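Reader: I have a model open and would like to see how its labels are justified. Can we go through some of them?

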Amino acid sequence: MASCTYDHIVVGAGAAGCVLASRLSEDPQRRVLLLEAGPDMPTGTEPSSIRSPFPGALGAGDFSWPGLHANVFAPGSGAARAMRPLIQGKVMGGSSTINGMMAQRGIPLDYDRWAAMGAGGWDWRSVLPWFNKLESDQDHGGPLHGNTGPLPIRRETSAQWPPFARAVTQAIVEQGYRWFEDFNADFDDGICPSPLSNLPDRRVGVATAYLGKDVRARPNLTILSNSLVIALRWNGTRIAGVQRSDGATFLGAEVILTAGAIHTPALMLRAGIGCAQALDKLGIPVVLERRGVGRNLRNHLMIHLATHLHPKARQAQSATSWAFTVLRYSSGVADCPPADMQIFPINRTAWHALGSAIGALGLCLYQPVSVGSVTLTSADPATPPVIRFNMLADARDTKRLTDGLLRMLHILAMPEVARLHDEVFIPNKAAAAKIASVTWRNRAIAQALALAMQYPPWRRRLLRGRILDYSRLRTDPGQQLAAMWLGASHVHHVCGTCRMGSVEDPDAVVDTQGRVIGVGNLRIADASVMPCNVSANTHLPVIMVAEKMAAHILAASSQHAP
Ligand SMILES: Cc1cc2nc3c(=O)[nH]c(=O)nc-3n(C[C@H](O)[C@H](O)[C@H](O)COP(=O)(O)OP(=O)(O)OC[C@H]3O[C@@H](n4cnc5c(N)ncnc54)[C@H](O)[C@@H]3O)c2cc1C
C-alpha cells in the first residue's frame, strides 16, 4: 500500500484536472499528483475515433462512465419519463477527449450573472484574461483573444462548407439575421462561423494541449491513470489525502476535486459533506452539513431535426469537417435572458455511410429555467449517483423549444434548402447510439440502412412515427408539443453541483477561490463550481475556471511560503 506526500493531489484528469496539474507543476518546487479513473492514451496512441477532428464516436459512450443514467424530464411535463444514458468521459482528458470540440465562451452577461450570484471576481472583465490565456486563436487577434495559449481555436472557411450547411446558412441570412465573423468576441444575435478547438487533421483536447511530452516529463508531476478515487481521507476537519479503489492512500497538503459535475459531488457526499438528513439515511457519518452539495445541477436541452440528404447535398464520408456555422438568437420569451438559443447545421451526422446520408439542424436551449440534482442511494462508490435534470418543468422552456422547432422547420422548408433533402424527422437517438462505435459490424449495418433509406417506401417505413408534417405542425400546438417531447434530450454540459458563492450563502459550496467552505485543504475547480448555466457549450468555460483557479492556488501558497 503506497503512501506519499504531495503538495497538490488533483482528482480527475478531465478538462479542469489536466489544466490544474499542468499549471501547478510549472513550479518545480511543487509535487503534483494527478489521478484519473480512466485509461491514458498519450497523443499519437489514441484510436482514430478520438483523434479525428470529426467526433467519430460522439454519442457512442466509448470511454464513458458506465451506468450513468438521468431522468431528463420533470415528472408531469408530458415528456417520456424513461431514464436516458448520460455520457461523461472516463479517460485521460475526461469529456474533453470525447466531446464535440465546439469552442464557445458564452456572453459577458453569463459571467456578470455569476458575480451577481456571489462569485465576486468572476464577472466578464475578470474572466476574459483567462479565456485569452487558454487559447491560441488561429483567425482572430486583439484584446479579446489570446494567440499563445495551449488550445488552438479555429473555424472552417466558407470554401469548406458542404452544400447542406451552406444552404442553411444562406437561408438564415436571408431571414434577416446579421452575419458576423467572431462568435467569441461579438455577443449580439446573428450567424457566424462555428469556433472549434482542434486542428484541421486532429482533435486537440486538454490531455494533448496541457499534458504534452514536456509536461509529462516534469519530475515533480506524477500522473496515474486507471486510478479510481473512492474516498477522501480526513484529519479532523481537514482533508489529508485520498484513497484509491485498490486501497492505496495518497497524502497531500491539498486535495483538488476535478472529477466533473456528477462525480465531484458524489465524492463530497460520500466523504460526509452534504445535506445531513440525506447522509444520515445512507449511514454516512456527517462531517459537515453543506446543503448545496449535489443541488443546482444545470445542463442544456436540445432537439435535432434530421433529414435524408440528396446526394448533391452531402459531405464526403472521408471529410473530417464537422461544425460550420452557428446562429445565436434571443427567444424573447418573458424573463429569459438574451442569447438563450442556438441553431446549427450538421452536414454529416455520423462517421459511417448512414451518417453521410443524413443531415440535421441542432437547436440548443442554453438557459433552461429547470434545475436538477445529483444524489446518492448508497455509500458504496460502485453505485452510480442518481442524476435528475427535471427538464421541461417550466413553461418557458417548453415555449422556447417549440418555437425553435418551428424556426428549424421553416429553415428546412425554404426553397434553397428544401431542394436538398427529403422528409424531415425526429432522429431516434437510442437506435443511432447502437451503431455509433467505430466497428466493422456497425459500418456494415449503417451501409445497409443507408441503402434502404434511398427508397422512399423503405425510408418512410424506417422512419414511421417520426416524420414531421410542417404544414400541420405550424397550426397545431398539440402536434408541436408532441414533436418537442419526442425530440428533446439533455446535452452533456453538466455543471453547478458544488456552486461557487459567498461564504455566507448557505447554498454555496466553495468560495471564489474554489475552497470548500468549512473544510480545510480541499478545493473544487471543475464544472461543478459554475453558479449557473452559460450561454455556451461548457468546455472553454471549464478550462477558463481551471486556469483561474490554478492562478489563485499558486498565489495563495506563494503568499504563505516562508
Ligand atoms: C459527449 C460530450 C460532448 C460534448 N461536446 C462539447 C462541445 O462540443 N463543446 C463544449 O464546449 N463542451 C462539450 N462537452 C462538455 C465538456 O467536454 C465538459 O463541460 C468538460 O469536459 C467538463 O470538464 P470537467 O473537468 O468538469 O469534467 P470532465 O472533463 O468530465 O472530467 C472529469 C474527469 O474526472 C474523472 N473522474 C471522475 N471521478 C473520478 C474518481 N472518483 N477518481 C478518479 N477520476 C475520476 C473522469 O474519469 C474524468 O476524466 C461535451 C461533453 C460530452 C460528454
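Reader: What makes the span of helix H14 close to the one expected?

Author: This is a predicted model, and the values are computed from it. Helix H14 runs over residues 440-453 and has 14 residues. The expected span is 1.5 Å times one less than the number of residues, which gives 20 Å here, and H14 reaches 20 Å from its first C-alpha to its last.

Reader: Which residues of H14 are called buried?

Author: Asn-442, Ala-446, Ala-450, Ala-452 and Met-453 are the buried ones. The word is used because their relative accessible area is under 20%.

Reader: Why are they said to lie on the same side of H14?

Author: They cover an arc of only 160 degrees around the axis, so they sit on the same side of H14. An α-helix has 3.6 residues a turn, so residues three or four places apart point the same way.

Reader: What is exposed on the other side of H14?

Author: Trp-440 and Arg-441 are exposed there. The cut-off for that word is over 50% relative accessible area.

Reader: What makes the pair between Thr-538 and the ligand a polar contact?

Author: A polar side-chain atom of Thr-538 is 2.7 Å from an oxygen atom of the ligand. The limit for N or O atoms is 3.5 Å, so the pair counts. Met-102 qualifies too, since one of its polar backbone atoms lies 2.8 Å from a nitrogen atom of the ligand.

Reader: How much of the ligand's accessible area does the protein cover?

Author: The protein covers 96% of the 1000 Å² that the ligand has on its own.

Key:
Residues are numbered from 1 along each chain as its sequence is written. This is a predicted model: local features need pLDDT of at least 70, side-chain atom pairs count only at pLDDT 80 or more; totals for chains, interfaces and linings use all residues. Side-chain values use heavy atoms; hydrogens and water are left out. A polar contact is a pair of N or O atoms within 3.5 Å; within protein, one must be able to donate a hydrogen and the other to accept it, and residues adjacent in sequence count only if both atoms are side-chain atoms. Accessible areas come from the Shrake-Rupley method with a 1.4 Å probe; for residues, only the protein chains shown count as cover. Helices (H or I, at least four residues) and strands (E, at least two) are DSSP runs, numbered from the N terminus. Buried means under 20% relative accessible area, exposed over 50%, partly exposed in between (1.4 Å probe, protein chains only). The arc is that of the directions from the helix axis to the C-beta atoms.
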